[in-house]
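Biologist: I am new to this structure and would be glad of a close look at a single part of it. Please choose one place where helices pack, describe it carefully, and then set it within the rest of the chain.

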Amino acid sequence: MTPFEIARETLKRLAQQRIMPTPDNYRALYHEIAGTTAQEPFPEKSLKKLLSGLPRTAPEQLRFARQIEKAIGENDWEAVRTALTELLAKSAEEPPDWSGLIRELILRLEMRQAELTPARKREALEHVLSATSSPELLYGRLQGLMKSWSQASALEIATADSAVEAESAGAPAPTLAGSATSSTLGKATIELLELLAQLIETTIALIIGENTELSSEAQKLVAAARSAHSNDDVAKLVATLKRFAYRLHFVAEDQNEVRAALLHLLHLIIDNIGELVIDDRWLHGQIATVLDLVSQPLDLRRLDEVERRMKEVIFKQSALKKSLIDAQEQLKAMLATFVDRLADFSSSTGSYHDKLEHYAEKISQASDITELTQVLDAVMSETRAVQLDAQRTHDELQSMRQRVAAAEQEVQRLQQELARASELVRHDPLTGALNRKGMDEAIETEASRAKRHGSPLCLALLDIDNFKKLNDSLGHAAGDAALVHLAKVVGETIRPSDTLARYGGEEFVILLPNTPLEDAVTAMQRVQRELTRHFFLHDNQKVLITFSCGVAELGPDESPEAALQRADAAMYLAKRAGKNRVMAA
């Protein structure tokens with residue numbers, strides 16, 4: 001039955017069975033006749049109305065609201081459930097035990113320790129209190145502070161026990177700075193002190209930054225390390241170094257906190273830009289790239305690559321901006337010309353109407369055909385003048401319109417180039433396949449679509465066989481060319497709805513939507529046969545490239561990461577089974 005026939009039969013049965021024609025009753029009866037499963041409609045409007053009333057003052061509230069907003073936009077009940085679960089779990093967390101922490105802190109402050117005087121403890125406590133604003137972070141740093149005090153106390157107890165044992169055995173007692181058997185220093189100790197001095201001068205100086213007090217202490221430590229000639233000098237250096245390390249620990253914590261706060265602020269700024277430019281799709285690629293960059297450990301090579309691509313996008317943006325300004329100026333000029341010509345035309349037509357009235361009077365007063373002929377000649381002359389004026393205005397406006405149309409075409413061309421340049425930030429520059437960022441976005445989209453429609457989704461992970469041997473024998477340039485060749489053959493073999501992404505190194509991931517596991521394995525075997533038929537040419541020599549592959553079908557409640565891990569395990573089984581194979585997970 002066609003949908004129209006099913007609808008007609010549904011209405012007929014509603015009337016026959018005297019059922020109220022509510023949307024729920026109609027939907028249930030419609031699916032019963034069609035033999036399909038009824039699905040509850042996603043209440044997008046109601047959820048958006050509820051979302052608009054949620055508070056967004058704190059960063060955590062803003063993050064939660066955007067997470068819900070994204071889930072609503074994709075009509076994904078699972079993502080809504082995940083966001084609500086995270087919110088409820090966060091609200092159920094036990095609050096920090098501030099009373100117990102303060103009680104233990106007071107006890108630790110009053111406790112006598114040889115290496116940590118009460119004045120030094122108070123100094124460290126004041127530093128933590130003044131440098132920390134977040135209550136959660138303050139709680140953790142206070143716990144860390146007391147832990148460092150406990151470790152110092154344990155070290156003193158261990159040293160005291162060693163001293164008692166040494167005295168009972170008739171040996172000299174060790175000190176916190178270490179025991180000494182001679183007054184002169186060995187070669188190894190001197191080299192160690194020089195290495196310590198270089199470490200403070202080069203590396204620790206970068207951590208200290210503009211802290212003049214610690215910089216002065218560091219210079220004194222360097223001088224003391226290089227001027228130490230006896231065990232007594234080393235013992236004094238160790239005591240000074242302990243105090244310096246204790247203060248340096250707080251400086252490092254402060255810098256780490258500042259870095260985390262700056263990254264959080266950058267996230268908020270990027271999110272705000274994304275909210276302000278909803279319609280500018282070409283900017284979304286740049287935003288996604290920066291977000292991906294700041295959410296991972298910073299890497300100089302990655303920064304250089306992103307900088308190069310962003311410069312290209314910025315160049316195209318400047319060209320687009322200039323073209324837009326030119327188009328706007330031409331449009332303004334056309335409007336100004338149109339208004340001027342319209343005013344002139346109105347003036348000329350007004351004068352023309354006045355003259356026509358004058359000529360009409362002359363016609364009524366004419367006594368012979370000669371006078372009528374003169375009047376008609378004058379009327380025709382005025383009419384031709386008005387006609388020429390109108391034609392000139394029309395030609396000028398038509399010319400201006402063509403120039404504006406040409407400017408609009410140029411703007412559209414630049415916008416398309418800009419969109420392509422922005423899209424490149426999601427692709428691997430070598431093979432043209434999606435990079436990890438683009439792959440994550442594609443997996444998220446396909447997984448959401450598969451869950452909504454109840455359709456199968458398979459993930460294939462392939463790894464080139466003997467790629468290291470190929471690199472070592474033919475060179476890295478040949479290895480890169482082999483990767484490009486593989487991506488080209490795979491891209492030409494898979495369906496347009498499938499997605500190819502470079503997972504890393506010589507590994508690639510292929511997403512196969514609407515494909516059961518058995519069909520996905522067959523599809524990857526077809527790719528292997530195509531790769532065998534299309535040889536890779538290097539210096540006019542044919543080189544056979546093969547790959548081992550694992551395929552996994554995404555489970556109903558399985559995350560894409562778990563499915564990829566299963567595909568990875570199946571791929572390694574294919575490697576151990578002899579390579580150039582496809583294994584189902």
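## A helix pair and its surroundings

Modeller: In this predicted model, helices H17 and H18 are oblique to each other. H17 covers residues 476-493 and H18 covers residues 517-533, and the two pack at an angle of about 125° with their axes 10 Å apart. The term oblique applies because this angle of about 125° is neither over 145 degrees, where helices count as roughly antiparallel, nor within 65 to 115, where they count as roughly perpendicular. The crossing of H17 and H18 is right-handed.

If you follow the side chains across this crossing, H17 contributes His 485, Leu 486, Val 489, Val 490 and Thr 493, which meet Arg 526, Val 527, Glu 530 and Leu 531 of H18. Sorted by class, the residues of this contact are five nonpolar, two polar and two charged.

Both helices also belong to a wider setting, since H17 and H18 are among the elements that give two or more residues to the largest nonpolar core. The others are strand S1 (457-464), helix H16 (467-474), strand S3 (507-513) and strand S6 (547-553). That core has 31 residues, and those with the most contacts inside it are Ile 510, Met 524 and Val 551. Met 524 is a good residue to follow on the display: leaving aside residues up to four places away in sequence, Met 524 touches Ala 460, Leu 462, Ile 510, Phe 547, Cys 549, Val 551 and Val 582. Another core, of 18 residues, lies apart from the largest one, and includes Ala 501, Val 509, Leu 511 and Ala 552. As a general background, nonpolar side chains in soluble globular proteins tend to be buried together.

Just ahead of H18 there is a backbone detail to look for. Asn 514 is found in the loop between S3 and H18, and its phi is positive, about 55°, although this residue is not a glycine. Most residues other than glycine have a negative phi. Asn 514 counts as exposed because its relative accessibility is 55%, and the cut-off for that class is over 50%. Asn 580, in the loop between helix H19 (560-576) and strand S7 (582-584), likewise has a positive phi, near 55°. Asn 580, however, counts as partly exposed, at 35% relative accessibility.

For a second helix pair to set beside the first, turn to H1 (residues 3-16) and H2 (residues 23-34), whose axes come within 9 Å and cross at roughly 125°. That angle makes H1 oblique to H2, and H1 passes H2 in a right-handed crossing. Here Pro 3, Ile 6, Ala 7, Glu 9, Thr 10, Leu 11, Arg 13 and Leu 14 of H1 meet Tyr 26, Leu 29, Tyr 30, Ile 33 and Ala 34 of H2. The residues of this contact divide into ten nonpolar, one polar and two charged.

To place these parts in the whole, the protein has 19 helices and seven strands, and 32% of its 585 residues count as buried. Among contacts between residues at least 6 apart in sequence, 65% join residues at least 24 apart.

Methods:
Residues are numbered from 1 along each chain as its sequence is written. This is a predicted model: local features need pLDDT of at least 70, side-chain atom pairs count only at pLDDT 80 or more; totals for chains, interfaces and linings use all residues. Side-chain values use heavy atoms; hydrogens and water are left out. Axes are lines fitted to C-alpha atoms, for helices over the stretch in contact, and angles run from 0 to 180 degrees between N-to-C directions. Helices (H or I, at least four residues) and strands (E, at least two) are DSSP runs, numbered from the N terminus. Angles under 35 degrees count as roughly parallel, over 145 as roughly antiparallel, 65 to 115 as roughly perpendicular and the rest as oblique. A crossing is left-handed if the near helix is turned anticlockwise from the far one by less than a right angle, and right-handed if clockwise. Contact means heavy atoms within 4.5 Å. Ala, Val, Leu, Ile, Met, Phe, Trp, Tyr, Cys and Pro count as nonpolar, Asp, Glu, Lys and Arg as charged, and the others, Gly among them, as polar. A nonpolar core is a set of buried Ala, Val, Leu, Ile, Met, Phe, Trp, Tyr and Cys residues joined through side-chain atoms within 4.5 Å. Buried means under 20% relative accessible area, exposed over 50%, partly exposed in between (1.4 Å probe, protein chains only).
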